[in-house]
Amino acid sequence: MASLTSFFNPKSIAIIGASKSPEKIGNVIVKNILSSGYTGKVFPINPREKEINGLLCYPSINIAPAPVELAVISVPSSMVLDVAKDCGKNGVNNLVVITAGFKETGKEGLRLEKKLAGICHQYKMQMLGPNCVGFMDTHTPINASFAAGFPLKGEIAFISQSGAMVISILDWSFSAGLGFSKFISLGNKANLTEAHFIEHAADDPHTKVILCYIEDVENGTLFLETARRASRKKPLIILKSGTSQAGARAASSHTGALAGSDLAYEAAFRQSGVIRVRSMPELFDLAIAFANQPIPRGERVAIVTNSGGPGIVATDNIELKNLKMAHFSRDTIKQLSQRLPGESNIYNPVDVLGDAKAERYRLAMDKVMADQGVDSTVVLLCAGGVTEPVETARAIIEVSKNYPEKPLVAAFMGGEQVAEGAKTLAAARIPCFTFPEPAISSISGMVSYARFRDLPKDDAVLSYENIDKKTVKSILDQVKTDNRLVLLGSEAAKLINAYGIPAATTILATQPEEAADMAEKIGYPVVLKVASPKIMHKTDVGGVKSGLESFEEVRKGFIEIMEKIQIYMPRVAVYGVEVQKMMPKGIELIIGMTRDIQFGPLIAFGLGGIYVNLIKDVSFRLTHGLSVREMKKLISETKAYSLLRGYRGEPPADIEAIVEVIGRFTKLVTDFPEITEVDINPIFAYNKGVSAVDVKITVS
Ligand code: ACO
């Protein structure tokens with residue numbers, strides 16, 4: 001990816017569409033650049049003016065007096081292409097196109113936007129927008145936007161697909177006293193996308209935490225790779241909107257129906273270490289915690305409170321958020337019992353009682369934070385007649401200085417009575433919330449980030465023996481020649497078998513005697529299944545006969561199936577009947593795949609069988625960069641895992657074999673993009689090995 005250093009630190013800026021009229025965006029941008037403290041050269045461009053805001057104005061970029069590194073364009077959309085071309089010809093490297101009226105307006109706008117992207121490509125320019133607010137960088141400093149105001153200096157980079165969000169969050173940040181390193185309004189992402197800015201922010205020494213608000217990603221693979229790299233370096237917190245099921249597409253497979261619209265994003269975030277939040281408050285609560293507190297070493301949390309109720313709420317949330325209540329050492333308990341009143345609770349949560357003043361908090365906090373079994377601390381204070389919010393805040397600040405490696409967050413519950421105390425804490429970089437839940441959530445977010453960051457790297461490339469691409473290709477070619485979209489069961493079984501995935505022997509027969517002969521060869525018992533790509537639910541139309549034990553039973557079974565189909569589905573093309581070796585029953589699992597437009601193959605694993613959609617015990621992963629560790633995690637996060645490990649005295653299943661099947665399956669769907677959906681359901685897991693029984697494959 002190209003560097004964005006000159007984008008954020010240009011030596012010179014031209015504002016094309018600069019205006020003298022204070023109500024115009026072109027005027028606000030000039031003022032913003034000047035008032036931000038930007039020290040490079042600034043060239044307003046306007047064909048009608050000689051001077052704007054005390055700066056010499058030029059009629060065109062063609063006669064700018066020095067090379068321009070960044071051009072901010074704020075002319076009507078009809079002029080943007082010509083202006084961008086002029087920029088390209090004059091060696092401008094970076095554009096910010098504020099102008100609206102592109103793809104967001106429909107077909108004509110999209111056409112215009114594509115041309116604009118083409119110009120950027122032709123002249124090797126990097127472009128933010130179009131249809132954006134611009135960007136701000138407090139460390140350069142530069143405000144190349146039309147937002148009102150300039151953020152306080154800080155260490156949070158905020159990348160937003162919504163311009164309105166940039167404007168309103170900026171305004172809110174002043175009252176919250178929150179500082180930022182960068183504000184970036186992505187606009188239509190015709191050239192530079194979220195991935196480019198995430199990559200830059202990950203290496204930016206002034207950025208400690210990266211926040212994103214996105215509605216979609218522009219390029220799934222690029223996003224995955226960038227997010228994975230960035231998350232190793234610093235926390236990447238994303239709020240993605242548009243998660244409703246309304247957008248879920250109709251899918252013919254179980255896997256597709258289970259996947260829905262948001263699961264690919266969920267998998268992408270999980271696999272790349274992104275911390276996903278569900279609301280704006282959560283986004284900024286976490287940002288504040290990450291920006292101001294150290295990352296915890298572990299998951300053990302201590303609570304110090306002056307009242308029972310909030311202490312219990314916090315305790316409940318600790319469990320809910322996959323954290324652990326810290327157990328204090330004997331010494332801590334002894335010291336607490338000596339220093340606190342007899343009525344206090346000296347175990348976690350420590351209750352210093354409603355009449356606790358600052359000094360009592362200090363004593364408790366000091367002992368609790370010093371305990372080796374405590375990784376982070378949450379301090380709660382409820383406003384009361386004798387509480388000392390400001391003094392308590394000061395005591396907490398002093399104590400926390402002795403434990404700089406341990407995160408500390410607070411919840412001061414109340415209104416005016418605690419406002420000054422909360423402010424005092426925030427000024428000392430101790431996040432202070434109004435209620436316990438966000439305090440615990442922010443610790444939880446930090447802990448899950450630490451868990452991801454501390455995982456050893458796991459980029460091993462998977463390689464498997466006995467991969468027979470040729471056979472798969474010839475089966476798919478045959479399906480194409482037949483003008484079919486769905487493979488027959490016998491073809492599907494052969495296909496997965498070619499990639500080393502064990503499947504019950506399945507052979508297509510077109511005559512009753514032929515079927516019986518095959519059964520003799522395969523060995524009894526066998527199952528007969530009608531072979532027709534058009535019949536989805538074979539049992540419902542009498543298309544399945546199982547447990548057949550002899551030549552005669554098979555011969556007769558064939559005839560009966562054909563008769564039934566004649567009655568129930570007379571007009572459907574039938575290829576014959578498949579004879580399948582009847583496998584002993586194992587644990588019924590499903591392994592499936594559906595293709596996501598952005599992220600590619602999304603595989604599913606879980607409890608299989610006919611109730612799969614009802615039980616929904618299925619987890620998902622994207623195949624891009626899928627490691628063995630992630631495959632194991634995929635298995636272990638389902639309820640099926642308890643069965644596989646050996647439930648109620650049952651012998652454990654061959655989990656290694658399942659992992660290998662998932663790996664081979666991943667390779668298969670990666671190697672053959674024409675395979676659009678797969679359901680292996682059920683695949684039986686045994687004490688030794690696995691066997692796929694029903695395989696449905698759809699191609700494009
Ligand atoms: N080179 C330089 N200057 C030019 C050129 C040119 N080729 N052509 C025109 N100009 C000058 C104009 O003369 C004018 O200056 P003036 O005030 O001295 O006359 C100035 O450029 C601006 O041109 P106008 O025609 O006055 O356009 P206006 O400022 O009204 O609108 C704008 C331009 C702001 C880009 C508008 O087209 C637009 O897109 N507005 C929406 C912006 C937006 O919302 N962006 C998305 C943000 S996301 C969010 O907010 C949620």
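A charge sits over a ring if NZ of Lys or CZ of Arg is within 6 Å of the ring centre and within 35 degrees of the ring normal. Keep that rule in mind for the first view; everything shown here comes from a predicted model.

**View 1. Two lysines sit over aromatic rings.** Start with Phe8: Lys182 lies over the face of this ring, 4.6 Å from the ring centre. Now move to Tyr265, where the charged end of Lys240 sits over the ring. Here the distance to the ring centre is 4.4 Å.

**View 2. The ligand and the residues around it.** In this predicted model, 25 residues surround the ligand. The closest are Ser19, Lys24, Asn46, Arg48 and Ala100. Sort the shell by class and you get 14 nonpolar, 8 polar and 3 charged residues.

**View 3. Zooming in on the ligand's oxygen contacts.** Look at Lys24 to begin with: an N or O atom in its side chain is 2.6 Å from an oxygen atom of the ligand. Arg48 also uses its side chain, with a polar atom 2.8 Å from a ligand oxygen. Ala100 brings in the backbone instead, placing an N or O atom 2.8 Å from an oxygen atom of the ligand. How much of the ligand's accessible area does the protein cover? On its own the ligand has 1000 Å², and the protein covers 71% of that. As for helices and strands, the elements giving two or more residues to the shell are α3 (77-89) and α5 (163-176).

**View 4. Phe180 and Phe183, a tilted pair.** Aromatic pairs come to 17 in this model. In one of them, the ring centres of Phe180 and Phe183 are 4.4 Å apart and the planes meet at 45°, so the pair counts as tilted. Are these two residues buried or exposed? Both Phe180 and Phe183 are buried. Pull back a bit and you'll find them in a cluster: ring pairs link Phe158, Trp172, Phe180, Phe183 and Phe284.

**View 5. Phe223 and Phe269, an edge-to-face pair.** These two rings are 5.9 Å apart, centre to centre, with 65° between their planes, which makes the pair edge-to-face. Which helices does the pair link? Phe223 belongs to helix α7 (residues 220-233), while Phe269 belongs to helix α9 (residues 263-271). The two residues are 46 residues apart, so the pair links distant parts of the chain. Phe223 and Phe269 are both buried.

Technical notes
Residues are numbered from 1 along each chain as its sequence is written. This is a predicted model: local features need pLDDT of at least 70, side-chain atom pairs count only at pLDDT 80 or more; totals for chains, interfaces and linings use all residues. Side-chain values use heavy atoms; hydrogens and water are left out. A residue is near a molecule or strand if one of its heavy atoms lies within 4 Å of it. A polar contact is a pair of N or O atoms within 3.5 Å; within protein, one must be able to donate a hydrogen and the other to accept it, and residues adjacent in sequence count only if both atoms are side-chain atoms. Accessible areas come from the Shrake-Rupley method with a 1.4 Å probe; for residues, only the protein chains shown count as cover. Helices (H or I, at least four residues) and strands (E, at least two) are DSSP runs, numbered from the N terminus. Ala, Val, Leu, Ile, Met, Phe, Trp, Tyr, Cys and Pro count as nonpolar, Asp, Glu, Lys and Arg as charged, and the others, Gly among them, as polar. Rings of Phe, Tyr and Trp (its six-membered ring) pair if their centres lie within 6.5 Å; planes under 30 degrees apart count as stacked, over 60 as edge-to-face and the rest as tilted. Buried means under 20% relative accessible area, exposed over 50%, partly exposed in between (1.4 Å probe, protein chains only).
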